[in-house]
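Here's a walk through a protein model, written for someone who would rather look at the structure than wade through output. Keep the viewer open as you read.

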Amino acid sequence: MFNGQRIDTILIDMDGTILDLAYDNYFWRELVPRCVARARGLDPAPAREQVYALYEGKLGTLDWYCLDYWTDTLRLDLRSLKAASSQRIRFLPGAREFLLSAMRSGLRMALVTNAHGVTLEIKRGVAGLDRYFDQLISAHDFGCAKEHATFWPALHAALDFNPDTTVMVDDSLPVLDAAAAFGIALPLAVRRPDTRQPDKNTGQHAAISGLGDPALADLLVAAR
Ligand SMILES: [Mg+2]
């Protein structure tokens, strides 16, 4: 898959790539609607439909990922709710082992996420993420989400990476599309971002099961 490819930088997404998306899906699709229903005295099913419709309206925008936006819109203390549910945050299978070996291989490593700074901070703390990375970057610092064409030149200006020798791993197909359009040499899709869900269709992108995929380990060996 990566025949002869020289790489020096790896850009890695957080939710659904390093950490199990099962937590985020639980938080946004189960816990938050339940809390909205309780706070407003609504039945769970219509409350859930209302909340899902609000999410749908913001798909692909930075607001979709913004804890402050949803705190205001849903009138819930989401920071407390995140902190209170953080014991459910888990690494995806093989992710921690991959990060350790990638770190030891001397690759430059950046975590690049659409997650809000508060969410990143909670997950960084729970999973000890900063020990693996040279940089932790939230798209909120650039004012646009990773699926937008404007994000990649901004990230490039901040990190000064060479797109020809950069791998990026993500579970979002629109994000991979944007990275490929910018010229990232190896955008890799994660097939199984949520351990409670079946594999997803990764379209035309080169795909790996996850960071634990042996093909990715081979890539690191070749890069050394
Ligand atoms: Mg993701």
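What follows goes from the domains to the strands and the core, and then to a few single residues.

**Two domains**

First off, this is a predicted model. The chain splits into domain 1, made of residues 9-20 plus 92-223, and domain 2, residues 23-87. Their C-alpha centres sit 25 Å apart. Where the two touch, 17 residues come from domain 1 and 13 residues from domain 2. On the domain 1 side, helix α6 (residues 117-127) chips in the most, with 4 residues. That side of domain 1 is made up of 9 nonpolar, 4 polar and 4 charged residues.

**How the strands line up**

Now for the strands. Start with β1 (residues 9-12), which pairs with two others. One partner is β2, running parallel to β1 with 4 bridges between them. I10 has M109 as its bridge partner in β2. The other partner is β4, again parallel and again joined to β1 by 4 bridges. Here I12 faces V169 in β4. As for side-chain directions in β1, T9 and L11 point one way while I10 and I12 point the other, and all are buried.

Go from β2 (residues 108-113) to β3 (residues 135-138) and you find a parallel pairing with 4 bridges. T113 is opposite S138 in β3. Helix α6 turns up again here: β2, α6 and β3 form a right-handed β-α-β unit. So the domain 1 helix that gives the most residues to the side touching domain 2 also belongs to this unit.

On the β4 side, β4 (residues 166-170) pairs in parallel with β5 over 4 bridges. M168 stands across from P187 in β5. To get from β4 to β5 the chain passes through helix α8 (residues 173-182), and this β-α-β crossover is right-handed as well. Then β5 pairs with β6 (residues 206-208), also in parallel, over 3 bridges. In this pair L188 is opposite A206 in β6.

Here are the parallel pairs side by side:

| Strand pair | Bridges |
|---|---|
| β1 and β2 | 4 bridges |
| β1 and β4 | 4 bridges |
| β2 and β3 | 4 bridges |
| β4 and β5 | 4 bridges |
| β5 and β6 | 3 bridges |

**Strand β5 and the core**

Strand β5 (residues 186-190) deserves a second look. Is it covered or open? It's mostly covered, with 5 of its 5 residues buried. L186, L188 and V190 point one way from β5, and P187 and A189 point the other way.

L188 also stands out in the largest nonpolar core. This core has 50 residues, and V167 and L188 have the most contacts inside it. Both domains give residues to the core, so it lies between domain 1 and domain 2. Setting aside residues up to four places away in sequence, L188 touches V167, M168, V169, A206, A207 and I208.

**A few residues to click on**

S85 is in helix α4 (residues 78-85). Is S85 buried, exposed or something in between? It has 15 C-beta neighbours inside 10 Å, so S85 counts as partly exposed. Beyond its neighbours within four places in sequence, S85 is in contact with F27 and L31. The C-alpha atoms of S85 and Y26 are 9.7 Å apart, although 59 residues separate the two along the chain.

R104 is in helix α5 (residues 95-104). It counts as exposed because just 10 C-beta neighbours fall inside 10 Å. R104 and Y132 are 28 residues apart along the chain, with their C-alpha atoms separated by 9.2 Å.

Last come two residues with backbone angles worth checking. Most residues other than glycine have a negative phi. R75 isn't a glycine, yet its phi is positive, about 50°. R75 lies in the loop between α3 (67-74) and α4, and with 10 C-beta neighbours inside 10 Å it counts as exposed. D160 isn't a glycine either, and its phi is also positive at about 50°. You'll find D160 in the loop between α7 (151-159) and β4. With 8 C-beta neighbours inside 10 Å, D160 counts as exposed too.

Methods. Residues numbered from 1 in each chain as written. Predicted model: local features only at pLDDT ≥ 70, side-chain atom pairs only at ≥ 80, totals over all residues. Domains from an automatic or database assignment. Contact = placed C-beta atoms within 7 Å. Nonpolar A, V, L, I, M, F, W, Y, C, P; charged D, E, K, R; others polar. Buried ≥ 20, exposed ≤ 12 C-beta atoms within 10 Å, placed from the backbone. Pairing = 2+ DSSP bridges. Right-handed = clockwise from strand over helix to strand, strands pointing away. Core = buried A, V, L, I, M, F, W, Y, C linked by C-beta atoms within 7 Å.
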